[in-house]
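Please load the model in your viewer, colour it by secondary structure, and keep the sequence panel at hand. The stops below go from the whole chain to single side chains.

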Amino acid sequence: MTPKFIAAALAIIAAPALAQEQKTLESKPLDAPASMQTASDRVLASDPQSFVSFFEVSGLPARLTEDTVGDPLVEYRSNGDKMSLFFYDCEDNVDCQAVQFYAGYRAGNVSLETINSWNTDRRFVRAYLTDEGVARIEMDVATSLDGLSHRDFDALLDLWLDSVVLFEDHINW
């Protein structure tokens, strides 16, 4: 037997036991191993309340509201600053598949060169200027159908919040 065949056979044999174990597990801490996580240990764009709960458990006040087109919107605070988490790829304002971290700055004196230099050095977070001169940064996250573990989303949140601080320094906010 090949190693691939053995691995596949073990996965088939273990699947029912893992499914039963997942049903009976209680909520785990944010750093619980992926093998111990349940649906309540995940954030899903199709379940906006899962993000509100995540933020609150993380010590960030949050509330669920809606954006101008009726899609969910989570407003949360970090270090006293109000931030937004927009929901995208929704069907009739529900069953969303992605979220977008967002922050905007009415800085007034941010040049296109400053924005371009930010984008040149960044991979996941992008910046742009609006026609009104508002500097914005955004980061998209696809949760798809299965969502993201709290541990993975916590890492993305850290990346976002670190990026906000770096961007504010970059534009001399």
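Begin with the surface representation of this predicted model: the accessible surface of the protein comes to about 10500 Å², and 53% of that area belongs to carbon and sulfur atoms. The protein has 173 residues, of which 36% count as buried. Switching to a cartoon, you can count four helices and eight strands, and if you follow the chain from the N terminus the elements appear in the order α-β-α-β-β-β-β-α-β-β-β-α. Among the contacts between residues at least 6 apart in sequence, 49% join residues that are at least 24 apart.

Next, select helix α2, residues 48-57, and show its side chains. The buried residues of this helix are Pro 48, Ser 50, Phe 51, Val 52, Phe 54 and Phe 55. If you then display what surrounds them, you will find that these buried residues pack against β1 (42-43), β2, β3, β4 (81-88) and β5 (98-105), and also against helix α4 (150-170). Before leaving this region, look just after α2, where Gly 59 takes a positive phi of about 85°.

From there, move on to strand β2, residues 62-66, together with strand β3, residues 72-78; the two run antiparallel and are joined by five bridges. Within this pairing, Leu 64 of the first strand stands opposite Val 74 in β3. The two strands form a hairpin with five residues between them, and in the turn you can pick out Gly 70, which has a positive phi of about 95°.

Stay on the hairpin and show its charged side chains. Which two residues meet here in a salt bridge? They are Arg 63 and Glu 75, whose side chains come to 2.7 Å, N to O. The pair links distant parts of the chain, with Arg 63 in strand β2 and Glu 75 in strand β3, 12 residues apart. The two partners can also be coloured by accessibility: Arg 63 counts as partly exposed at 48% relative accessibility, whereas Glu 75, with a relative accessible area of 14%, is buried, because the cut-off for a buried residue is under 20%. Adding Lys 82 to the selection completes a network of salt bridges that links Arg 63, Glu 75 and Lys 82.

For the last stop, select Arg 126 with Glu 138 and Asp 140. How many salt bridges does the structure hold altogether? There are four, and Arg 126 takes part in one with Glu 138, where the closest N and O atoms are 3.3 Å apart. This pair joins strand β6 (residues 126-129), which contains Arg 126, to strand β7 (residues 135-142), which contains Glu 138, across 12 residues of sequence. Arg 126 also forms a salt bridge with Asp 140, and here the closest N and O atoms are 2.6 Å apart. Because Asp 140 lies in strand β7 and Arg 126 in strand β6, this second pair ties together parts that are 14 residues apart in sequence.

With the three side chains still displayed, compare their accessibility: Arg 126 is partly exposed, with a relative accessible area of 33%, and Asp 140 likewise counts as partly exposed, at 43%, whereas Glu 138 counts as buried, at 9% relative accessibility.

How values were computed
Residues are numbered from 1 along each chain as its sequence is written. This is a predicted model: local features need pLDDT of at least 70, side-chain atom pairs count only at pLDDT 80 or more; totals for chains, interfaces and linings use all residues. Side-chain values use heavy atoms; hydrogens and water are left out. Two strands pair if DSSP finds at least two bridges between them. Buried means under 20% relative accessible area, exposed over 50%, partly exposed in between (1.4 Å probe, protein chains only). Contact means heavy atoms within 4.5 Å. Accessible areas come from the Shrake-Rupley method with a 1.4 Å probe; for residues, only the protein chains shown count as cover.
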